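Work through the cysteines of this structure. Each exercise has a task sentence and a stepwise solution.

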Amino acid sequence: MISQLTILIFLLTISITSCGQANTSKENPNKQTGKIELDSSIIAIFPFNTTQHWIFRNNKQVDLTSDDLQKIETILTECLNDYNAEQEGKFREINDKHPEHKLNKKNFVIDLKRYKRQYVATENSKGEKEVWINCFCDTWGKNWKTNLVFVKDGGNCYFNLKINLTTGESYEFMVNGDA
């Protein structure tokens, strides 16, 4: 026969385990939906200015939806995963040949958590939504939420790319050079 103490311990164990699971899903409600949590404090969205023809030619201003922001995050992450895999290979190759240089892997790979971002969203002549993404880890004292950040050199602390949200492709990925 099962004692009352055994039943009480069993019920307490179930309660504690259940509470922990419920608490986990409350902390991250997007875990089950597959949505990526975005930190809006690191993103600034700018209107498209037609005088900035170097960003896009003959495009027009569009707004970004929350679904668009999710797509951007996914495509950007995939692009950086490919880039980082290549850069890690370069880091290992150079480090193996010249261990005396004591290279920092951070100067080779991009950890997106270190970067602030600026987005300019447009629609091209085919009706496809395209976004220019400018990423940087230093603002040089500029108000990055109101002014686009541009620097020469700076290495992988500065990079930008374009994403076609309609096709899911990234292109014109460019990492700044070192002085």
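The exercises below cover cysteine pairing and exposure.

The model is predicted: local features need pLDDT of at least 70, side-chain atom pairs count only at pLDDT 80 or more, and totals for chains, interfaces and linings use all residues. Residues are numbered from 1 along each chain as its sequence is written, and side-chain values use heavy atoms, without hydrogens and water.

**Exercise 1.** Find how many disulfides a search of the whole structure gives.

Step 1. Set the criterion: a disulfide is a pair of cysteine sulfur atoms within 2.5 Å.
Step 2. Search the whole structure; one disulfide turns up.
Step 3. Name the partners: C137 and C157, with S to S at 1.7 Å.
Step 4. Place them. Strands are DSSP runs of E, at least two residues, numbered from the N terminus. C137 and C157 both lie in the loop between β4 (129-136) and β5 (158-164), 20 residues apart.

**Exercise 2.** Determine the handedness of the link of C137 and C157.

Step 1. Take the angle about the S-S bond: -140°.
Step 2. Assign the hand: the link is left-handed.

**Exercise 3.** Classify C137 and C157 as buried, partly exposed or exposed.

Step 1. Apply the cut-offs: buried is under 20% relative accessible area, exposed over 50%, partly exposed in between (1.4 Å probe, protein chains only).
Step 2. C137 has 30%, so C137 is partly exposed.
Step 3. C157 has 11%, so C157 is buried.

**Exercise 4.** Explain why C135 does not bond to C79.

Step 1. Find the closest cysteine sulfur to that of C135: it belongs to C79, 9.7 Å away.
Step 2. Conclude: that is too far for a bond. C79 is in no disulfide.
Step 3. Check exposure. C79 is buried at 12% relative accessible area. C135 is buried at 1%.

Terms used:
Helices (H or I, at least four residues) and strands (E, at least two) are DSSP runs, numbered from the N terminus.
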